[in-house]
Amino acid sequence: MSFFLLDFPVLLFKRVPLHAVLEALSYFVGFRFFVYLRGKQGDNIAQSNRLWILIGATFGALLGSRILGLLEAGPQLFTVQKPLEVWLLALFSSKTIVGGLLGGLFGVEGIKKIIGEKSSSGDLFTYPLILAMMIGRFGCFSMGVFEPTYGVETTFFTGMDLGDGLRRHPVALYEVLYLGLFWIVMYNFERVYPLASGARFKIFMLDYLCFRFLLDFIKPVELWPWGLSAIQTAALLGWLYYWRYLIQPKRLLLS
């Protein structure tokens with residue numbers, strides 16, 4: 001089925017998924033934008049320590065993304081006994097950006113404790129990360145219903161046929177729109193209200209986790225016994241990690 005001139009999944013040269021191309025492009029463009037911003041704005045963290053932080057972020061994101069992606073299968077994940085190779089295949093074929101963000105966060109904090117780095121390190125990552133996520137979400141959209149990044153059926157005017165003949169919420173496009181609006185609002189907010197070191201990344205995490213918590217209500221997700229999906233549960237845990245800034249948001253502003 002198609003949306004306008006698109007057939008899902010979108011393939012280049014009838015064999016290469018556009019998603020794979022855009023995913024690779026998102027990593028490349030995001031990293032190059034990070035390097036550009038670091039050169040333009042400077043960095044209060046030594047180059048050797050920044051390298052370790054990047055390593056911690058990469059491995060933490062990889063692990064967190066895979067684990068949370070696996071948990072999206074819901075309680076039935078543990079109800080059927082599976083061979084080890086099935087578990088490993090499921091682990092390496094599942095991923096989610098929320099798990100990547102939280103895993104990367106804890107990977108960075110763990111590395112910083114090991115190397116003794118006390119400066120906030122997330123601000124330089126924020127806009128490159130948003131840019132990479134926007135490119136990646138276009139890739140998710142290009143897969144239609146052939147990847148679990150689509151929404152439930154809807155009669156809302158934004159509903160699209162993503163490849164199964166049903167009008168669904170194009171949640172990947174919703175996320176692109178959200179990320180673009182967040183970038184614009186955040187950029188203008190910073191020009192009026194100077195932020196404390198590290199506050200930009202904290203605000204992004206709090207805001208994005210809120211967005212993803214709400215987004216799962218219009219996605220066909222598996223619920224755990226407490227009535228929430230794995231991503232919604234992870235979002236709540238992320239808020240709990242940042243509880244100081246939820247209670248005292250003025251801590252995010254430069255004194």
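This passage describes the helices, the cavity, the cysteines and selected loop residues of a predicted model.

Helix 1 covers residues 18–41. Its 24 residues should span 34 Å at 1.5 Å a residue, and its end C-alpha atoms are 33 Å apart, so the two values agree. Several of its residues are buried: His19, Leu22, Glu23, Ser26, Gly30, Phe33, Phe34 and Leu37. These buried residues pack against four elements of the fold. One is strand 4 (16–17). The others are helix 2 (47–71), helix 5 (123–141) and helix 6 (171–192). Just after helix 1 comes Gly42, with a positive phi of about 85°.

Helix 2 is built from 25 residues. The distance from its first C-alpha to its last is 36 Å, close to the 36 Å expected at 1.5 Å a residue. Its buried residues include the glycines Gly56, Gly60, Gly64 and Gly69. Asn49, Ser65, Arg50 and Arg66 are also buried. Ile53, Ala57, Leu68 and Leu70 complete the buried list for helix 2.

Two of these helix 2 residues, Arg50 and Ile53, are touched by Ser121. Ser121 sits in the loop between helix 4 (97–115) and helix 5. Its relative accessibility is 6%, under the 20% limit, so Ser121 counts as buried. Beyond residues up to four places away in sequence, Ser121 also touches Ile45, Val108 and Lys112.

Helix 5 itself contains Leu129. Leu129 has a relative accessible area of 22%, between the 20% and 50% limits, and is therefore partly exposed. Leaving aside neighbours within four places in sequence, the contacts of Leu129 are Leu101, Phe201 and Phe204. Leu101 lies 28 residues from Leu129 along the chain. The C-alpha atoms of this pair are separated by 9.6 Å.

A search of the whole structure returned one cavity of 30 Å³ or more. The largest cavity holds about 40 Å³ of space. Its lining consists of Cys140, Phe141, Gly144, Thr149, Tyr150, Leu162, Pro170 and Ala172. Six of the lining residues are nonpolar and two are polar. None is charged.

Cys140, one of the lining residues, is buried because its relative accessible area of 8% falls under 20%. Cys210 has a relative accessibility of 33%, between 20% and 50%, so it counts as partly exposed. A disulfide is a covalent bond between the sulfur atoms of two cysteines. With a cut-off of 2.5 Å between cysteine sulfur atoms, the count of disulfides is zero.

Tyr150, another residue of the cavity lining, is in contact with Lys219. Lys219 is placed in the loop between helix 7 (199–215) and helix 8 (230–241). This lysine is buried, because its relative accessible area of 9% is under 20%. Residues up to four places away in sequence aside, Lys219 also touches Pro148, Gly151, Val152, Val171 and Arg212. Along the chain, Lys219 and Leu71 are 148 residues apart. Their C-alpha atoms are separated by 15 Å.

The backbone also has notable geometry at Pro9, Phe13 and Lys14. Most residues other than glycine have a negative phi, and most peptide bonds are trans. The peptide bond from Phe8 to Pro9 is cis, with omega near -5°. Pro9 belongs to the loop between strand 2 (6–7) and strand 3 (11–12).

Phe13 and Lys14 are found in the loop between strand 3 and strand 4. Phi is positive at Phe13, near 55°, although the residue is not a glycine. Lys14 is likewise not a glycine, and its phi is positive at about 65°. Phe13 has a relative accessibility of 75%, over the 50% limit, and therefore counts as exposed. Lys14 reaches 78% relative accessibility, so it too counts as exposed.

How values were computed: Residues are numbered from 1 along each chain as its sequence is written. This is a predicted model: local features need pLDDT of at least 70, side-chain atom pairs count only at pLDDT 80 or more; totals for chains, interfaces and linings use all residues. Side-chain values use heavy atoms; hydrogens and water are left out. Helices (H or I, at least four residues) and strands (E, at least two) are DSSP runs, numbered from the N terminus. The expected span of a helix is 1.5 Å times one less than its number of residues. Buried means under 20% relative accessible area, exposed over 50%, partly exposed in between (1.4 Å probe, protein chains only). Contact means heavy atoms within 4.5 Å. On a 1 Å grid over the protein atoms alone, a cavity is a set of points where a 1.4 Å probe fits but cannot get out, and a pocket is an open set with protein on both sides within 12 Å along at least five of seven lines; lining residues have an atom within 4 Å of a point. Grid points are joined across faces, edges and corners, and a volume is the space filled by probe spheres set on the points. Ala, Val, Leu, Ile, Met, Phe, Trp, Tyr, Cys and Pro count as nonpolar, Asp, Glu, Lys and Arg as charged, and the others, Gly among them, as polar.
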